[in-house]
Amino acid sequence: MQGDDAELTAAVRAAQGGDEVAFRIVYRTVHPRLLGYVRTLVSDADAEDVTSEAWLQIARDISRFSGDADRFRGWAARIARNRALDHLRTRGRRPVIGGDESDLAVLPAGADTAAEALEALGTGRTMALISRLPQDQAEAVVLRVVVGLDAQSAADVLGKRAGAVRTAAHRGLRKLAQLLDESAEDLPDAGEPPPGPEASPTARGVTHKATRTLRET
């Protein structure tokens with residue numbers, strides 16, 4: 001178990017015993033990535049409220065939870081997804097992608113090497129690129145890379161087979177790599193000189209790095 005995962009596991013267990021300081025540690029550790037996931041489902045205007053509702057349920061039911069840090073992240077993500085879908089059903093809306101991408105900058109420790117591909121995209125453009133993916137791919141990528149779940153845990157959240165989640169994540173990350181490559185020449189600000197000869201190989205290198213991670217996802 002990774003060091004950060006061991007700390008989260010210990011904090012969860014202490015929180016189950018009523019330790020409020022431990023629960024705050026759990027919240028600070030998990031909340032940014034959980035909020036990032038909720039933002040793939042509801043509008044940014046609603047994401048904070050939906051995530052808060054999820055935390056109310058997490059706090060209420062944490063004593064009944066059983067498992068380590070990875071299972072806790074999956075359990076929390078499943079609660080958040082259910083709250084988001086309930087929210088959408090009451091408003092007759094479909095899941096959406098959007099919102100402030102800053103919370104996606106907090107990537108989970110111990111995430112698989114797909115995290116490197118998303119990190120390479122740059123936090124300022126992450127959500128804009130993810131928003132261009134099909135919903136199943138967007139959820140798979142965010143659950144795997146941002147929330148930090150393995151394929152089986154992500155599949156449990158989505159009610160799908162692990163293989164389907166791996167495929168969706170693979171396709172989503174491949175598409176993100178393509179989008180990064182396509183947008184590389186748009187990186188300089190207006191008024192700056194055109195990119196030098198080294199800019200294109202750098203973009204290609206990042207794309208190839210993302211492609212390599214797909215084989216390991």
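## Close-up views of an all-helix chain

**View 1. The whole chain follows the pattern α-α-α-α-α-α-α-α-α-α along its sequence.** That gives 10 helices and 0 strands, where helices (H or I, at least four residues) and strands (E, at least two) are DSSP runs numbered from the N terminus. This is a predicted model, in which local features need pLDDT of at least 70, side-chain atom pairs count only at pLDDT 80 or more, and totals for chains, interfaces and linings use all residues. Residues are numbered from 1 along each chain as its sequence is written, and side-chain values use heavy atoms, with hydrogens and water left out. Of the 217 residues, 46% count as buried, meaning under 20% relative accessible area with a 1.4 Å probe, protein chains only.

**View 2. Here helix H2 (residues 20-38) packs with helix H7 (residues 135-147).** How are two packed helices described? By the angle between their axes and the distance between the axes. For H2 and H7, the angle is about 175° and the axes are 10 Å apart; axes are lines fitted to C-alpha atoms, for helices over the stretch in contact, and angles run from 0 to 180 degrees between N-to-C directions. The two helices are therefore roughly antiparallel, the word for angles over 145 degrees. Arg33, Gly36 and Tyr37 in H2 meet Glu139, Val142, Leu143, Val146 and Val147 in H7, where a contact means heavy atoms within 4.5 Å.

**View 3. Stay with H7 and look at how it is enclosed.** Because 11 of its 13 residues are buried, H7 is largely enclosed by the rest of the structure. Among the buried residues are Gln137, Ala138, Arg144 and Val145. After H7 comes glycine 148, with a positive phi near 90°.

**View 4. Next is helix H3 (residues 44-61), a good place to check a helix's length.** How far should its 18 residues span? At 1.5 Å a residue, the answer is 26 Å, which agrees with the end C-alpha atoms being 26 Å apart; the expected span is 1.5 Å times one less than the number of residues. Asp46, Ala47, Val50, Thr51, Ala54, Trp55, Gln57, Ile58 and Asp61 are buried in H3. Their cover includes H2 and helix H4 (69-91).

**View 5. Our last stop is leucine 173, in helix H9 (residues 162-183).** Is leucine 173 buried or exposed? Leucine 173 is buried, because its relative accessible area is 3%. Between leucine 173 and valine 145 there are 9.8 Å in space, C-alpha to C-alpha, although they are 28 residues apart in sequence.

Methods. Buried < 20%, exposed > 50% of the residue type's maximum accessible area, 1.4 Å probe, protein only. Parallel < 35°, antiparallel > 145°, perpendicular 65-115°, else oblique.
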